[in-house]
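Student: I would like a close look at how the strands pair in one small sheet. Once that is clear, please carry on to the other parts worth checking.

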Amino acid sequence: MHSPGEGANKAPLIAPLGLLFRRMESGRSVRRRLVAPRRSEPRRCAARADRTDKKGTVSVTTMSSAEPTRRDFLYIATGAAAAVGTGSVLWPMIAQMNPDASTIAAGAPIEVDLAPIAEGQVIKVFWRGKPIFIDHRTKKEIDEARAVNVASLPDPAPDSARVKEGHEQWLVLIAICTHLGCIPLAHQGDYDGFFCPCHGSQYDTAGRIRRGPAPLNLALPPYEFLSDSKIRIG
Amino acid sequence: MSGYTTYQPQNAFMRWLERRLPIVGLVHSSFVVYPTPRNLNYWWTFGGILTFMLAAQIVTGIVLAMHYTPHVDFAFNSVEHIMRDVNYGWLLRYLHANGASMFFLAAYIHMFRSMYYGSYKEPREVLWILGVILLLLMIMTGFMGYVLPWGQMSFWAATVITNLFSAIPIVGESIVTWLWGGYAVGNPTLNRFYSLHYLLPFVIVGVVVLHVWALHVVGQNNPTGIEPQSEKDTVAFTPYATIKDAFLLSVFLLLFAWFVFYVPNFLGHSDNYIPANPAVTPTHIVPEWYYLPFYAILRAIPSKLMGVLALGASIVILAFLPWLDTSPVRSARYRPLYRQFFWVFVVVCVGLGWLGSKPAEGAYVIFARIFTAYYFLHFLVILPLLGRIETPKPLPRSISEDVLGPKRIIATLALAFTLAGFLGSSLPATAAEVESPAKLRWSFAGPLGKFDRGQLQRGFKIYREVCQVCHGLTLVSFRNLAEPGGPGYTPAQAAAVAAEYKVMDGPNDQGEMFERPARPADHFPSPFKNENEARARYNAVPPDLSVIAKARGYERGFPWWVLDLFTQYQEHGPDYMAALLKGYENPPQGVTVPPGTFYNKYFPGHTLAMPPPLTDGRVDYTDGTPATLEQHSRDIAAFLMWAAEPHLENRKRIGLQVMVFLLVFAGLLYLTKKKLWHEVEKPAELARGQDPHGTTI
C-alpha cells in the first residue's frame, strides 16, 4: 500500500482553477499585472519556496522570460472559457422558469361586454390570471370619490385619473390588494368601496387606499373602450 | 477520505469553521492533495465524466419536472409543450434524453476499464460491488424515465418490463398488479414511475458517495495493477487529475453536443413520438440501446422463468467477479491469455447488443443463445481457470519504472473503436422488407440547415387544402406560424389564418359551450371530436400530423446508419412521407388489397386506408413553383418537419456555437494539461540526463 500522507506533503497546495493562476507562474512582475495581489502573502512565498525546492536548481528561473507570460495567458484563457461555458449553460436553466410561449400568448387582451352589468354591480373577470373588478358605479359613489381632498390621501390621485373620460361610471381595477395580494371585497368597509379581509386595508369608491397597511391604490389594468358598452383589457 | 489532510485554514473564520465542521479540510484532503497514481491513462477519467453526467441528468431532470405532467392524458402533450413552448425546453429535453445514453456509454467504458485492469480485485471488491449496484440503479432509473413521455415505446416498455416479474412462480401475478397499481399499465403506473424516477437519482448520489469513499480508502488502481510504493509513484489529485479529467470531459461533451444539437433523435426510436395506445403494440419493440445486451439474453432463453432469471443473473454475476477471477495479477497488460479473452468478451457483449436489436427469429436466436452461453461461460469457467493456467508476464518494479517505459497506445485505440462499435451496432436495425424511400435533398438538413420559407408556406397551403379534412395538427398553435424559424408569416397574417378556424370555448354565462373564431394562441382544431367519430367517418383514425415527421421513418441498415451519425442524416421522416405520397401503385400480380384500402409500395404492409391525397396540380401555387405531385409531396413533408420540430433552425444555430466553443475549450484544456503535466512527465532531472528514479514528483 502506498502511504498517502507522504505523497500529500509534497503535493502542491492547490485549489481548483482559480488558484492555478497564482500557483503556476514564476515571473513576478508579470503576475502582478495579470492577477490582483493576494491577501495571503506568506503563503505565496511558501508556494514559491516549495517550487524552487522541487525543481532543485536555479535553472527554472533562467528559463526564457517569455515563458511565464504565455503560461499565465493560457491559464487565464482556460479559466475564462470555463466561466463563459458555465454561464452559457446556466442561462437556459434560469430562463426556462420565465413564462413560456403559450403562457405569454394566452395573456393576450380580452374583451368584456359591459351591457349586462347593472348600476351598482361589481363583476370579476380574469386577465392574465389576475382578477379584474369592473365596477358600474352609482351617482352617489362617483360623487363620494370626487368629494375627497386629494392631498390628504396616502397615494394621492384624483378620481379623474382612475377612470376614462366620458365613462366615469366604469371603474376597472386589478382586484389585488396592494398590501400582500389578497382579493378585497366589494361594497364593504368605511368608504363604501373595497375592504381587504386579510389585513384590513380599506379602499374608497375610486379604489384608492384610505386606511390600513396597503401602501398604494388598487392598480389599474391597461384597457380601452371599444364602444360605450365594450372594453378591451390588455 | 480524511486523515492525511495538510489543509491549513487561512483566516480566523475558516479556522473557526474547521474546528466545528472540517468540511473544507475534507474536500482538500479528498480532492486536492489526494494522491493518484501518476500513470493513470485516459480510461481513468470516466469516473469524473460519470459524476458530471449524474449531476447534469439531475439538473436537467429537475428542470424538466417543472414542466412535465405525469398523467396519461397529458404526459405526451406536456413533453411536446416542453419541446415547443418552454424557453430552451427543446434543449433541456434533448440534453436529458441523450444524456441518459451518454451516461450509460461512460458507465460501460468505466466497467470495461475495470475489467481490463483488474480494478475489482482485492482490496477493491466493495468498490466494485458498489459499482454494480450503481449500474442496477441506473438501469431502473433509465427505464422509468423512458416511460414518462408516454409514447408507444414508453407504454410497451412499461408493459413488457413489468411483466418480467410475472415469471415468478405463485406470487408473480400479484407482484405485477402491485407494480401497476391496477389491472394494466395505466395512470397509477405512470405516477409511481415518475415519483421513483425522481427519487432514484438521489439514491444513486448516495451510493456514489459510498463508491468514492471506498475508492479513497483503498486508492485508485492503475494500468500496471501494482500499488504505488512511494510518493514518486503518485501525483496530487489537483491539479493533475483534475485537469486531465477536465480535458477528456470537454472531449466527451463534444460527442454529447453532437448528439444533442445535430442528431438528437438518432439514439431514440421514432415510435415513441406516437402517443401511447394500449390497443396496438408496435410491430418491433426494442429497448434503448444500452439495455440491448440484457434484452438479448432475456430473449435467448426459450423458457419465460429461465429467461428472466438469466437476465437478472447477467447483472448479478458481475458482483461476484472479484472471486470468480482467480488470478493474483490485476492488469491485463501482464496477462497474455486474459487479455485475449477480455476482447472476446467485449465482442460478445457488443454482439449481444446487436442481436438484441434484431427480431427474435431464425439465426438471430441461435447466435443469441451461443453468445449468452459464452457470456456466462466467461465468468463461471474461463476466469476461474485462467487464473490457474496462465503464466503472467513479469510485473514492473514500480509505477515510476513503468511510466518511463514505452507507451501503450494500441490497446487504448482498440478499446475506443470497440466501444464506438458497441454504441453503434446496438442500434435498432431491422431487416429491410420494404423498398427504401429515396434520400432527398432538404434545405433544413445538415449543420447549417434552414427551412425554406416559401416551401413551408406552400406546404401549409397543401395542409389546409388537402390534409386537414382528415388530419389534425393539434400541437401546433396559430401563433407558431409567425414565430422565428417558421413559415415567416406576420403576426397579422397568423391572426387572420386563426380567424378562419372555429374553436370550442366556454362555458358562457348560460353554462353552454360555444364556438368562436380562433385566436393566435389557440391550437389547430382537430377535424374530429374523438377517435370513435373518426372511425365512424373515415373507417380509420387519421393520425395527427403534429409530430408525424419524427414519428415515421425507415430502417437504413448497415452500414448506412453508422455514416448517418457523421453525416447528420436525420430526415428519415420527411423522406418517408415524400415517398409515401408518391408511392401509390396498382398492386403487383397476385396481391389483392382489401376494399377501402390502397396499395402503397412504401407503406409497411402495403395496404393503406388513405386514398392517394395528392396529384399533379392538386394545389395551386401562387409563387410560380410548378404544382407537380413531386413538388407537393416535398413541400408538405418539409412543412410537417417544421411542425414536428419548430425550433430546428435555432437548435442547429446554437449547436454550431456550442461546437466551436467546445473545440476551443478542449484545445485550451489540452494545452493547460500539457503545461501542468510537463514537470511530471519530463522532470528537469530527466532533461539533464540524471537518473529518473531519483525524481521526486
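**From a strand pair to the helix contacts**

Tutor: Start with strands S9 and S10 of chain A. Strand S10 covers residues 230–233 of chain A, and S9(A) pairs with S10(A) in the antiparallel sense over four bridges. One of the partnerships to look for is A:Phe225, whose bridge partner in S10(A) is A:Ile231. This is a predicted model, so treat each detail as a computed one. Strands of a sheet pair through backbone hydrogen bonds, either parallel or antiparallel.

Now widen the view to the whole sheet. It is open, has three strands in the order S1-S10-S9 of chain A, and pairs in the antiparallel sense. The edges are held by strand S1 (110–113) and strand S9 (223–227) of chain A. Each has a single partner strand, so one side of each is left without a neighbour in the sheet. From one strand to the next, the twist averages 30°.

Chain A offers another sheet. Its order is S2-S3-S4 in chain A; it is open, has three strands, and its pairing is antiparallel. Strand S2 (122–127) and strand S4 (170–174) of chain A are the edge strands, each paired on one side only. Here the twist averages 25° from one strand to the next. Look at strand S3, residues 130–136 of chain A: five bridges join S3(A) to S4(A), and the two run antiparallel. A:Phe133 is worth finding, since its bridge partner in S4(A) is A:Leu173.

Before leaving chain A, check one backbone angle. Most residues other than glycine have a negative phi, and most peptide bonds are trans. A:Asp192 has phi near 70°, a positive value in a residue other than glycine. A:Asp192 lies in strand S6 (residues 192–195) of chain A.

Chain B has its own backbone points. A cis peptide bond joins B:Thr238 to B:Pro239, with omega about 10°. B:Pro239 is found in helix H10 (residues 237–262) of chain B. Another cis peptide bond joins B:Gly506 to B:Pro507, with omega about 0°. B:Pro507 lies in a loop, between strand S3 (502–505) and strand S4 (514–517) of chain B.

Next come the helix contacts of chain B. Two packed helices are described by the angle between their axes and the distance between the axes. Take helix H5 (residues 89–116) and helix H6 (residues 125–147) of chain B: they pack at about 160°, with axes 11 Å apart. That angle makes H5(B) roughly antiparallel to H6(B). Their crossing is left-handed. H5(B) brings B:Ala100, B:Phe103, B:Phe104, B:Ala107 and B:Ser114 to the contact, and H6(B) brings B:Trp128, B:Leu135, B:Met138, B:Gly142 and B:Gly145. By class, that is seven nonpolar, three polar and no charged residues.

Move on to helix H14 (residues 336–356) and helix H15 (residues 363–389) of chain B. Their axes come within 10 Å and cross at roughly 150°. That makes H14(B) roughly antiparallel to H15(B). This crossing is left-handed. From H14(B), the residues in contact include B:Phe341, B:Phe345 and B:Val348. From H15(B), they include B:Phe367, B:Phe371 and B:Tyr375. The contact of H14(B) with H15(B) has 15 nonpolar, two polar and no charged residues.

Helix H11 (residues 292–300) and helix H12 (residues 304–319) of chain B come next. Their axes come within 7 Å and cross at roughly 150°. H11(B) and H12(B) are therefore roughly antiparallel to each other. Their crossing is right-handed. B:Phe294, B:Ile297, B:Leu298 and B:Arg299 of H11(B) meet B:Gly307, B:Val308, B:Ala310, B:Leu311 and B:Ser314 of H12(B). Here the classes are six nonpolar, two polar and one charged.

Finish with the domains. The domain assignment gives chain B domain 1 (34–431 + 654–680) and domain 2 (453–476 + 523–646). Taken over C-alpha atoms, their centres are 37 Å apart. Across the boundary, 14 residues of domain 1 of chain B are in contact with 15 residues of domain 2 of chain B. On the domain 1 side, helix H4 (residues 75–84) of chain B gives the largest share, three residues. That side has seven nonpolar, five polar and two charged residues.

Technical notes:
Residues are numbered from 1 along each chain as its sequence is written. Chains are lettered from A and ligands numbered from 1 in the order in which they are written. This is a predicted model: local features need pLDDT of at least 70, side-chain atom pairs count only at pLDDT 80 or more; totals for chains, interfaces and linings use all residues. Two strands pair if DSSP finds at least two bridges between them. Axes are lines fitted to C-alpha atoms, for helices over the stretch in contact, and angles run from 0 to 180 degrees between N-to-C directions. Angles under 35 degrees count as roughly parallel, over 145 as roughly antiparallel, 65 to 115 as roughly perpendicular and the rest as oblique. A crossing is left-handed if the near helix is turned anticlockwise from the far one by less than a right angle, and right-handed if clockwise. Two residues are in contact if their C-beta atoms, placed from the backbone, lie within 7 Å. Ala, Val, Leu, Ile, Met, Phe, Trp, Tyr, Cys and Pro count as nonpolar, Asp, Glu, Lys and Arg as charged, and the others, Gly among them, as polar. Domain bounds come from an automatic or database domain assignment.
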